[in-house]
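Colleague: I should be grateful for a close look at a single part of this protein, together with its setting in the whole chain. Please take one strand and describe how its side chains are placed and how it is paired.

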Amino acid sequence: MKLSELFKEKQVYSFEVFPPKRTAPIDSIYKTLDGLKVLSPDFMSVTHGAGGSENFEKTFHVAKAVKACGIESIAHLSCIGLNKEDVDVLLDEYKSAGIDNILALRGDLNPTIKLSKDFKYAEDLVTYIREKGDFDIAGACYPEGRPEAPSFGEDLKHLKSKG
């Protein structure tokens, strides 16, 4: 189910879960999901944390596990360091797993990650995802404005462009 439809129906209750750290097996999240499932959330948001594209695989597996529990999931997808081909692969994986909801993010700047030539901002990623498939796309913002934004007004303009 697309989360935009869920929000039209009722007030929602959700959790955000983090995939296990790189050194932990993916299976370590399943007990946590079982515990959260009994609380009947409407959906779970699955992050991938800082550190670049190696975490996207764990995000996919956790989002798929959430969906298998009968709970909707929204997968975080940051464009820092990704090119269009990378995003295409990820979107195909999500679509094949029945995951219809993406939280499109720029991602935290990290000096160890080479910046993408295809996506400079989350709004670039949002536009690309819209062209590629039938996903519900959510965005994020800094309530106080991004620290690197020249002004709050300029930041608000960019936030609106994601919609």
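Modeller: Helices, of at least four residues, and strands, of at least two, are DSSP runs numbered from the N terminus. On that basis the predicted model contains 6 helices and 5 strands. Read from the N terminus, their order is α-β-α-β-α-β-α-β-α-β-α.

The part chosen here is strand 1, which covers residues 14–17. Its side chains alternate between two faces. F15 and V17 point to one face and are buried, whereas S14 and E16 point to the other and are not; buried here means under 20% relative accessible area. As to pairing, strand 1 runs parallel to strand 2, residues 43–46, and 4 bridges join the two. Within strand 2, F43 is the bridge partner of S14.

The setting of this strand is as follows. Of the 163 residues of the protein, 42% count as buried. Among contacts between residues at least 6 apart in sequence, 74% join residues at least 24 apart. The radius of gyration is 16 Å, which agrees with a compact globule, because a globule of 163 residues would have a value near 15 Å. Along the principal axes, the C-alpha atoms fill a box of roughly 45 × 40 × 30 Å.

Turning to the surface, the protein exposes about 9,300 Å², of which carbon and sulfur atoms supply 54%. The protein has 22 positive and 26 negative charges, and the mean positions of these two sets are 2 Å apart.

Note on methods. Residues are numbered from 1 along each chain as its sequence is written. This is a predicted model: local features need pLDDT of at least 70, side-chain atom pairs count only at pLDDT 80 or more; totals for chains, interfaces and linings use all residues. Side-chain values use heavy atoms; hydrogens and water are left out. The radius of gyration is taken over C-alpha atoms; the globule rule is 2.2 Å times the number of residues to the power 0.38. Buried means under 20% relative accessible area, exposed over 50%, partly exposed in between (1.4 Å probe, protein chains only). Contact means heavy atoms within 4.5 Å. Accessible areas come from the Shrake-Rupley method with a 1.4 Å probe; for residues, only the protein chains shown count as cover. Lys and Arg count as positive and Asp and Glu as negative; His and the chain ends are not counted. The place of a charge is taken as NZ of Lys, CZ of Arg, CG of Asp or CD of Glu. Two strands pair if DSSP finds at least two bridges between them.
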